Amino acid sequence: MKNCKKPCKKILFSLLLITVNFFALYAENFRVAKTHVISIPQNYSEVSANLGIFDALAIKLPEDKTFVTGLELTMKVPQIMTTWRDSVAYSFYDGISPFPTEKLIDYAGTRTSISTIPGKIVNTIYIPLNEKFNIKNNPYAKILEEKISAKNGIIFLRYMLAMKGAPEELENARIQVTARPVLSNEGYFSLEVSKPEEKNENFSIYIDDSFIPSIPQKMLLKEGEHHLFVTGETFRNEVRTFIVEQAKLTSLKVALRGIEPEVKILSPENASIYFDGEELDSPKEPFVITQGPHTVKFTIGDYEITKTFDAINGRSYSVNLNIDASVTEEE
């Protein structure tokens, strides 16, 4: 076969594909030399295996396949396979049984496609798994046209010799297969909203100006920047900007505050503070006050200063006592 001229090889290979494709969509029983099993982890990192030309590879998809739109397979072959191009074939199967393990070699399944390894060291194949797959055709990769359902969470790949008379070096060759998931441009968003215990009123949530009927737990959003707006009649408006990363969970916590005015008082440690005539014990955090006029008095020794202001619902106030000294120079 090695001495067969190119037209002869093409004719024989064409006959092989016609024969195989005739039975491609029918269930068949087959045996492999060895089954290799690799699992795509939930962090979607790539995994690899080294196969012989009579082996099979079972690729387990992650349990949460929300973001998985397809699979990218990179086949790295030795030089002997580029010399004997189209001499090794690979097939994909659907509905494989029994469930693949490294101890099994006999299987039944529906062959969905068959191709041969061309004369390239590195070959990339894309396997679409749903309608969100959006990689376009390009001269550097092959997109599998035949659909694979992967209902059992398995992509099953089998290698086989496509012609007789191959040298022993080819039969002993190894193929390095690397699998990585093709991910959608989405991520999860989770929101946690808390409100004061004394308030049972409802509030509304808007994301990117769209009303969200319930607090999102694992909401799908496009990766990138988004805007959150939480509002209610008895709550202050809360506005946040957040970034959703691809295939990751972004969590956000929002603590609602009532519309009652708040005040924060800052002063030196040795100052006495009186709010509406009542002495305060060094307040460090803002506290809620009533709407209307209020008086803050500071005393340090014999020094006293008083400030008044009118509080309005939905506003926050800061009262800051600064005592400073100035130095001037005279001739």
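**Exercise 1.** Classify Arg-111 in this predicted model: buried or exposed? Then find which side chains Arg-111 joins by polar contacts.

*Solution.*
1. Take the relative accessibility of Arg-111: 8%.
2. Apply the cut-off: buried means under 20% relative accessible area. Arg-111 therefore counts as buried.
3. Place the residue. Arg-111 is in strand β7, which covers residues 106–116.
4. List the side-chain partners. Glu-28 is joined to Arg-111 by a polar contact of 3.0 Å. Ser-91 is joined to Arg-111 by a polar contact of 2.9 Å.

**Exercise 2.** Work out the strand order of the open sheet that holds β12, and name its edge strands.

*Solution.*
1. Write the order of the three strands: β15-β12-β18. The pairing is mixed.
2. Look for strands that pair on one side only. These are β15 (219–222) and β18 (249–255), the edge strands.
3. Add the twist. Neighbouring strands here are turned by 35° against each other on average, direction ignored.
4. Check the pairing of β12 (residues 186–194) with β18. The two run parallel, and seven bridges join them.
5. Pick out one pair: Ser-190 has Ser-251 of β18 as its bridge partner.

**Exercise 3.** Describe the surroundings of Ser-194 in strand β12. Which residues does Ser-194 touch, leaving out those up to four places away in sequence?

*Solution.*
1. Start with exposure. The relative accessible area of Ser-194 is 37%, so Ser-194 is partly exposed.
2. Read off the contacts: Val-254, Ala-255 and Leu-256.
3. Compare with Thr-308. Thr-308 and Ser-194 are 114 residues apart in sequence. Their C-alpha atoms are 33 Å apart in space.

Notes: Residues numbered from 1 in each chain as written. Predicted model: local features only at pLDDT ≥ 70, side-chain atom pairs only at ≥ 80, totals over all residues. Heavy atoms only, no water. Pairing = 2+ DSSP bridges. Helix = DSSP H or I, 4+ residues; strand = E, 2+ residues; numbered from the N terminus. Axes fitted to C-alpha atoms, helices over the stretch in contact; angles between N-to-C directions. Buried < 20%, exposed > 50% of the residue type's maximum accessible area, 1.4 Å probe, protein only. Polar contact = N/O pair within 3.5 Å; in protein donor to acceptor, adjacent residues only side chain to side chain. Contact = heavy atoms within 4.5 Å.
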